[in-house]
Amino acid sequence: MAAQTAETRGFETEAKQLLHLMIHSLYSNKEIFLRELISNASDAADKLRFASLSQPELLETGGEPKVQIDFDTEKNILMISDNGIGMTRDEVITNLGTIAKSGTAQFLENLTGDEKKDSQLIGQFGVGFYSAFIVADKVEVRTRRAGTAEDEATLWISEGEADYSLEAVSKATAGTEITLHLKADEKEYAESYRLRSIVKKYADHISIPVFMQKEDLPVTDEADEDGSKKDEESVVEYEAVNEAKALWTRSRKDVKADEYKEFYKSVSHDFEDPLEWSHNKVEGKLEYTSLLYVPARAPYDLWNRDSARGLKLYVQRVFIMDDAEQFLPLYLRFMKGIVDSNDISLNVSREILQEDPVVDSMRSALTKRALDMLEKMRKKDKDKYNSFWNEFGQALKEGPAEDFTNKEKVAKLLQFTTTHSESDAQDQCLDDYISRMKEDQEKIYYLVADSAKAGRNSPHLEIFRKKGIEVILMHDRIDEWLMSHLQEFDGRQFQDISRGELDLGKLEDEEDKEVQEKTEKEFVKLVERIKENLGDKVKEVRVTHRLTGSPACLAVDDHDMGMQMRKIMEASGQAVPETKPIFEINPTHPLLVKLDKEADEDRFGDIVSILFGQAGLADGVQLEDPADFSARLNKLLLELVN
Ligand code: ADP
């Protein structure tokens, strides 16, 4: 022990930054520190119970799991103790001196300096133990890991600035005792009435009792004189102030909305209320209870593939593990909550979970449950669903590729911007689209572009606008990939309108077709001449049927890779097969009419080059030779000004 006497250590930079931010941005909701500390204590009790499955001796001395809250109004001190798993010295250093969460640095980089915005971010990050410093200017943690000796306890003290001190101490029982030396203006957190109301608010659903001194007994000053608790316990009686019943074990009708919300916050460490939840008890071949939540806001690390995700797993009320990711597919990784099974073994490990057929059945049932919950929300409350979509829609778009069985269910949940949308928001679902389809319309038309605006202005839409046909404007990076997994919906095929020959099916009448054929014949020569001019830059040149106002556009051949997918692959450094566009011209456009009559081959070449370049630009494609494009354009402009 001698080597481990007092020492002072600096906080890791990230911990320091986070601490600073916490103290300065959470002033409007200070009381949540108590929720965080009680929730940690309850986790510690869960962990001890789990560890004792294989080491029963760990439970011998501690007694029933509990949290105890003491306070000293005179000295302005608050103390939260538990008889949970406790921490070794090394664990104290890792858990309280560093921030082990992945993506922390990234999170900190995203901070704006604007306190209001940042405080929302910190809510998403999850505040945890450090929230103690919101109300305290000095925090002491006295902790002893269950199964270690009395004199192997550790005392951690910090004033929440640059450093903390560590000291080897003795502690009679295993568990953790946190003492908050409250700031001068935070006296309310050393008052019985206030504390009780916070505990009621935040801890009713926690499965272990939170004890406080019985109120009718006056707090005797003498007992606290030396700050020791031993004397107190002989005179003071305690009572549980919370209900101490795991929320999910209660019947749905007995749980109030506020209780569900509070439970969510303690499970997820989120700040905001959840958007929606679904609580279910399943009985029959499999028996389990699940409580799934949809958060209001995406966590800072939703797109980090390595970040923790999944549900809190309990087996017969015993906590088994956090982040059990086997119960939901990756595209539903934003869901939070718990699952409590009666069929899984208490000795289960992550590896075993992966192979357990019981888990597979639960996973498909929970996936359906989650999708149904979203579908209900979509039908019931469009605004709420739109806000959900803005946060998590992109994740859901991974669904059709990942989850073949539920493809149609997921597709029902997708939202897009369409030519019907009033803004660029993704606010239309496929059912909406179908309800507005033209009488003879067989396909669902879509266009992939870099942005909603680029989509809206694309020349490809011209004929659709003329005929009043709605087109879905896809503009998320993932969209083209999504569409490669979603060939149809509700029996109707999807059709990329920039791909292949335009085929409007029954939406075109005989007359249209005759006119088209006639034009094609009429301009065979012009097409040939352009083809010669562009050479191997194009796969084909043809007369278009898509355009009414623009002179030309590019089309992608049926089985070629689309522009967006190409860009994604190129950006990720992958080899992309070479494909060439189809150049479609609108011979009724005055420019083409003129071009057809152009005898000077040089000028002909300049105009074709410019039209070809422009058609690419409209699709967000970069010019192959921008200098050449400008030179040719300037040549023509000069003729105008001369
Ligand atoms: P989180 O709970 O989100 O992991 P915290 O900052 O609240 O983050 O706590 C960090 C870690 O410190 C916890 O994961 C846990 O390992 C440990 N810890 C905190 N409070 C206690 C406690 N009362 N008993 C045992 N370990 C604790």
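Visitor: Is Gln316 buried, partly exposed or exposed, and what is its relative accessible area?

Guide: The model is predicted, and every value here is computed from it. Buried means under 20% relative accessible area and exposed means over 50%, with partly exposed in between. Gln316 has a relative accessible area of 39%, so the residue counts as partly exposed.

Visitor: Where is Gln316 placed in the chain?

Guide: Gln316 sits in the loop that links strand 12 (311-315) to strand 13 (318-324). Its backbone is worth a look as well: Gln316 is not a glycine, yet its phi is positive, about 45°.

Visitor: Which value of phi does Asp323 have, and where is Asp323 placed?

Guide: Asp323 also has a positive phi, about 50°, without being a glycine. Its place is in strand 13. With a relative accessibility of 32%, Asp323 is partly exposed.

Visitor: Turning to the ligand, which residues are around it?

Guide: A residue is put in this shell if one of its heavy atoms lies within 4 Å of the ligand. Here the shell consists of Asn40, Ala44, Lys47, Asp82, Met87, Asn95, Leu96, Gly128, Phe129, Thr176 and His269. Sorted by class, the shell holds 4 nonpolar, 5 polar and 2 charged residues.

Visitor: Which polar atoms lie at 2.8 Å from an oxygen atom of the ligand?

Guide: A polar contact needs a pair of N or O atoms within 3.5 Å. Asn40 places a polar side-chain atom 2.8 Å from an oxygen atom of the ligand. Phe129 uses its backbone: a polar atom there is 2.8 Å from an oxygen atom of the ligand. For Asn95, a polar side-chain atom lies 3.2 Å from a ligand oxygen.

Visitor: How much of the ligand does the protein bury?

Guide: The ligand taken alone exposes 530 Å², and the protein buries 78% of that area.

Visitor: Which elements give two or more residues to the shell around the ligand?

Guide: Helix 2 (32-54) and helix 3 (89-97) do. Helix 2 gives the most, with 3 residues.

Visitor: How many helices and strands are there in the protein, and what does the C-alpha trace span?

Guide: The protein has 25 helices and 23 strands. Along the principal axes, its C-alpha trace spans about 110 × 60 × 40 Å. The radius of gyration is 33 Å, whereas a compact globule of 642 residues would have one near 26 Å.

Visitor: What share of the residues counts as buried, and what share of the accessible surface belongs to carbon and sulfur atoms?

Guide: Of the 642 residues, 52% count as buried. The accessible surface comes to about 30800 Å², and carbon and sulfur atoms account for 48% of it. As for contacts between residues at least 6 apart in sequence, 73% join residues at least 24 apart.

Visitor: As a last case, which residues does Arg9 touch, leaving out those up to four places away in sequence?

Guide: Arg9 touches Ile93, Asp163, Tyr164 and Leu166 on that count. Its place is in strand 1 (residues 7-10). The side chain of Arg9 also makes a polar contact with the side chain of Glu7, at 3.3 Å. Arg9 has 32% relative accessibility and therefore counts as partly exposed.

Visitor: How far is the C-alpha atom of Arg9 from that of Leu58?

Guide: The two C-alpha atoms are separated by 31 Å, with the residues 49 apart along the chain.

Technical notes:
Residues are numbered from 1 along each chain as its sequence is written. This is a predicted model: local features need pLDDT of at least 70, side-chain atom pairs count only at pLDDT 80 or more; totals for chains, interfaces and linings use all residues. Side-chain values use heavy atoms; hydrogens and water are left out. Helices (H or I, at least four residues) and strands (E, at least two) are DSSP runs, numbered from the N terminus. Buried means under 20% relative accessible area, exposed over 50%, partly exposed in between (1.4 Å probe, protein chains only). A polar contact is a pair of N or O atoms within 3.5 Å; within protein, one must be able to donate a hydrogen and the other to accept it, and residues adjacent in sequence count only if both atoms are side-chain atoms. Accessible areas come from the Shrake-Rupley method with a 1.4 Å probe; for residues, only the protein chains shown count as cover. Ala, Val, Leu, Ile, Met, Phe, Trp, Tyr, Cys and Pro count as nonpolar, Asp, Glu, Lys and Arg as charged, and the others, Gly among them, as polar. The radius of gyration is taken over C-alpha atoms; the globule rule is 2.2 Å times the number of residues to the power 0.38. Contact means heavy atoms within 4.5 Å.
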